[in-house]
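User: I'd like to get better at reading a model like this one. Could you walk me through it, feature by feature?

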Amino acid sequence: MSSSNGENLTSDKNTVELTQLVDTKVKFNLRANVVKTRRVIWKFTKGNPAGSFGGAILLVIIILVLSASLLSPFRFDRSVGSRLAPVGSEARDGNSMVLGADEIGRDVFTRTLHGGRTSLYVGLAAPLIGVGLGLLLGISSAYFGGVIDMTTQRIVDSLLIIPGLVLSMVITLSFGFSLEIVVLAIAINLIGGVSRVIRSHALALRESQYVEALEAMGASNTRIIFKHLIPNSFAPAMVLFAVSVGGAITTEASLSFLGLGIAPPRPSWGSMLSNAQEFFRSGVHIVLVPGVAIGVTVLAVNLFGDALRDALDPRLRGRD
Amino acid sequence: MQVYILRRLLLMIPTIFILGTSLFFLLRVLPGDLAVGLLTSEESSATAEEIEELREYLGLNDHILVQYGRWLKTIGRGDLGYSPLFDSSVVSILWSKLGITIELAIIAVIISLVWAIPLGIISALRRGSWIDQAIRVVTAAGISLPNFWIALMVLLILVAFFRWSPPVQYVHFLDNPIENLKMLFLPALVIGFRSAAVITRMTRSMMLEVIGQDYVRTARAKGLSSRTVTLRHALPNASLPILTLAALLLAALVDGAVIIEVIFNLPGLGQLIRESITRRDYELIQGIVLVLALFMMVWILITDLLYAWLDPRIRYS
């Protein structure tokens with residue numbers, strides 16, 4: 001843990017003492033960090049009961065979805081029972097279909113769990129990519145200014161005025177209905193809004209004295225952007241990420257519902273609803289189950305995201 | 001002011017150009033086009049020669065840059081092109097479908113404003129009470145639940161308990177206003193639900209900020225009734241951000257319309273968007289998106305100007 005600088009200046013004995021000192025300090029810091037983290041979580045829970053409730057539900061959903069193959073004996077793409085079998089009826093192999101079967105006899109519970117994987121994957125990946133690209137675009141737009149800023153802002157304008165769902169539909173139609181394309185199609189909608197917010201944040205950073213000092217010291221543009229501006233824009237980026245997850249899940253479901261999302265056999269809550277639409281007179285459960293799954297998940301994500309925003313964005317504290 | 005408006009209008013040109021061009025090339029990335037879609041989508045399937053003939057006729061065999069040049073020329077004339085799918089000009093198709101969606105959007109905005117603003121005010125004035133809590137739960141749900149889910153649940157309830165089903169044939173407003181409104185009320189309610197929830201939350205937080213200020217206390221001290229204080233003094237000052245938000249929500253309404261019109265079987269712009277995209281009618285898609293984009297930009301400009309008009313402290317130059 002001793003620095004090379006320290007080694008040159010001090011004798012061996014001193015170095016050993018110094019190293020021990022640093023080590024104990026690190027240990028102490030580690031313990032302090034654990035205590036601090038625990039305190040932060042406790043404070044967050046106390047201040048945002050609704051947000052923590054959302055977070056807890058989200059955690060349960062993630063665990064359920066990840067252990068899909070342990071929880072259900074069926075495969076999501078095989079017909080295992082009679083068509084539209086009601087809740088709790090028996091499958092052909094004798095196992096119970098907890099939430100009934102869909103219009104071609106596949107187990108609804110299994111499909112809902114696997115559909116949740118799709119939703120959560122898209123819901124996390126799309127905002128990650130969208131916020132990441134928006135962050136880069138916003139910061140470079142603010143940092144370089146001039147023609148670059150002008151051009152980027154016109155591109156951002158055109159991204160902002162086109163209805164998001166329509167753009168996503170065009171993209172999946174042009175590039176295909178794979179998981180990756182759907183993620184990109186949803187991410188691209190986020191870039192415009194994110195880069196606007198980050199740009200205005202970075203404009204203020206750009207004028208700050210430490211950036212001026214860095215420039216005077218001869219730091220390269222890449223260094224200033226990646227080592228200073230991006231880390232300093234982390235809090236707003238985090239907030240933007242948290243509030244985008246719910247929307248991404250909804251957009252994925254909408255795309256699948258319109259038949260322009262991820263192609264079968266991979267289940268998605270949106271496509272389950274879309275298939276169920278024609279049959280719901282004969283079996284309410286096939287609409288209700290994926291519907292409730294979407295509703296509960298997005299609600300939990302939004303409660304958690306809002307609380308995170310309140311906690312991270314001091315300007316909003318005390319409001320709402 | 002005139003210079004400002006002119007500059008904003010001029011800035012629309014590059015934006016529209018970028019949007020149109022990227023959309024043009026985006027749509028032509030993958031093989032497979034309208035010629036196949038037109039001839040093979042129904043029960044009959046066409047021979048390769050027939051498809052090739054139609055492709056030649058529609059000009060789809062030309063080099064992509066030639067097609068782009070042709071399209072630019074069309075746009076330059078102020079035209080939006082021709083839709084082989086409907087065998088008519090894009091402008092006339094848009095004209096016939098736009099009415100339904102605009103009517104739907106207007107009803108949605110009216111319904112949502114009518115209940116969102118009063119609820120927001122009540123929620124702010126009775127902060128922390130059970131009614132405030134209830135309103136916050138409903139708005140949280142309104143923001144979270146996807147609108148097509150709400151639409152399906154509404155349909156489910158109506159079908160299961162009232163034996164009602166969505167009408168098959170659309171009735172025009174001028175033919176039968178009452179029947180027409182009955183038809184649009186539910187979809188408008190569903191589309192507006194989310195916007196209403198957002199507006200309620202915004203109204204609440206703006207009102208909370210405003211009613212804590214000195215001038216409101218002064219108005220109270222003067223002996224004004226709490227109704228006058230709220231409606232004449234607090235609300236106008238809280239209304240600016242609400243207005244901006246309501247304007248921006250219009251884009252969300254279009255997204256909502258795409259999916260809600262499909263569920264409720266309304267032959268508006270939303271259905272048209274879905275149909276043109278799935279059938280790959282390029283010029284129609286481009287036309288719709290450009291018109292929507294232009295509409296949005298003009299709309300945002302109008303709200304910006306309205307902002308300055310409502311709040312004299314804001315000046316554009």
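Analyst: Happy to; we'll go from confidence to overall make-up, then to the interface, a helix pair and a few single residues. Keep in mind that this is a predicted model.

User: Confidence first, then. What ipTM and pTM does the predictor give the complex?

Analyst: The predictor assigns an ipTM of 0.77 and a pTM of 0.78 to the complex.

User: And within chain B, which element has the lowest mean pLDDT and which the highest?

Analyst: The general idea: where pLDDT is low, don't read the predicted coordinates in detail. Here, chain B has a mean pLDDT of 78, with 87% of its residues at 70 or more. Among its elements, helix α2 (residues 34–40) of chain B sits lowest with a mean of 61, and helix α9 (residues 214–221) of chain B sits highest with 85.

User: Okay. What does the secondary structure of each chain come to?

Analyst: Chain A has 13 helices and 2 strands, while chain B has 12 helices and 2 strands. Going along the sequence of chain B, you read α-α-α-α-β-β-α-α-α-α-α-α-α-α.

User: How much of each chain is buried?

Analyst: In chain A, 42% of the 320 residues are buried. In chain B, 32% of the 317 residues count as buried. You can also ask how far along the sequence the contacts reach. Taking contacts with a separation of 6 or more, residues 24 or more positions apart account for 68% in chain A and for 73% in chain B.

User: Now the interface. How many residues does each chain put into the contact?

Analyst: Chain B contributes 41 residues and chain A contributes 36. On the chain B side, α1 (2–27), α6 (130–144), α7 (147–162), α8 (177–211), α10 (226–264), α11 (269–278) and α12 (282–310) each supply at least two residues. The biggest giver there is α7(B), with 7 residues. By type, the side of chain B that touches chain A splits into 33 nonpolar, 3 polar and 5 charged residues.

User: Let's try a helix pair in chain A. How do α5 and α10 cross?

Analyst: Look at the axis distance and the angle together. Helix α5 (residues 108–144) and helix α10 (residues 221–232) of chain A have axes that come within 11 Å and cross at roughly 105°. That is why α5(A) and α10(A) count as roughly perpendicular to each other.

User: Which residues meet there?

Analyst: From α5(A) you have A:Leu135, A:Ile139, A:Ser140 and A:Tyr143, and they meet A:Ile225, A:Leu229 and A:Ile230 of α10(A). The residues of this contact divide into 6 nonpolar, 1 polar and no charged. As for the spacing you'll notice, an α-helix has 3.6 residues a turn, so residues three or four places apart point the same way.

User: Is there a helix with the opposite character, and is α9 of chain A covered or hardly covered?

Analyst: Helix α9 (residues 209–216) of chain A is hardly covered, with 0 buried residues among its 8. Just after α9(A), A:Gly218 adopts a positive phi of about 85°.

User: What about the largest nonpolar core; which residues have the most contacts inside it?

Analyst: That core has 135 residues, and those with the most contacts inside it are A:Val166, A:Met169, A:Val170 and B:Ala257. Leaving out residues up to four places away in sequence, B:Ala257 touches B:Thr101, B:Leu104, B:Ala105, B:Ile191, B:Gly268, B:Leu269 and B:Gly270.

User: Where does B:Gly270 lie, and is B:Gly270 buried or exposed?

Analyst: B:Gly270 is in helix α11 of chain B. It has 29 C-beta neighbours inside 10 Å, so B:Gly270 counts as buried. Although B:Gly270 and B:Thr101 are 169 residues apart in sequence, their C-alpha atoms are 7.4 Å apart.

User: And the loop between α9 and α10 of chain B: is B:Lys222 buried or exposed?

Analyst: B:Lys222 belongs to that loop and is exposed, with 9 other C-beta atoms within 10 Å. B:Leu224 is in the loop between α9 and α10 of chain B too, but B:Leu224 is partly exposed, with 15 other C-beta atoms within 10 Å. Apart from neighbours within four places in sequence, B:Leu224 is in contact with B:Ala219 and B:Val229.

Note on methods
Residues numbered from 1 in each chain as written. Chains lettered and ligands numbered in written order. Predicted model: local features only at pLDDT ≥ 70, side-chain atom pairs only at ≥ 80, totals over all residues. Helix = DSSP H or I, 4+ residues; strand = E, 2+ residues; numbered from the N terminus. Buried ≥ 20, exposed ≤ 12 C-beta atoms within 10 Å, placed from the backbone. Contact = placed C-beta atoms within 7 Å. Axes fitted to C-alpha atoms, helices over the stretch in contact; angles between N-to-C directions. Parallel < 35°, antiparallel > 145°, perpendicular 65-115°, else oblique. Nonpolar A, V, L, I, M, F, W, Y, C, P; charged D, E, K, R; others polar. pLDDT = per-residue confidence, 0-100. Core = buried A, V, L, I, M, F, W, Y, C linked by C-beta atoms within 7 Å.
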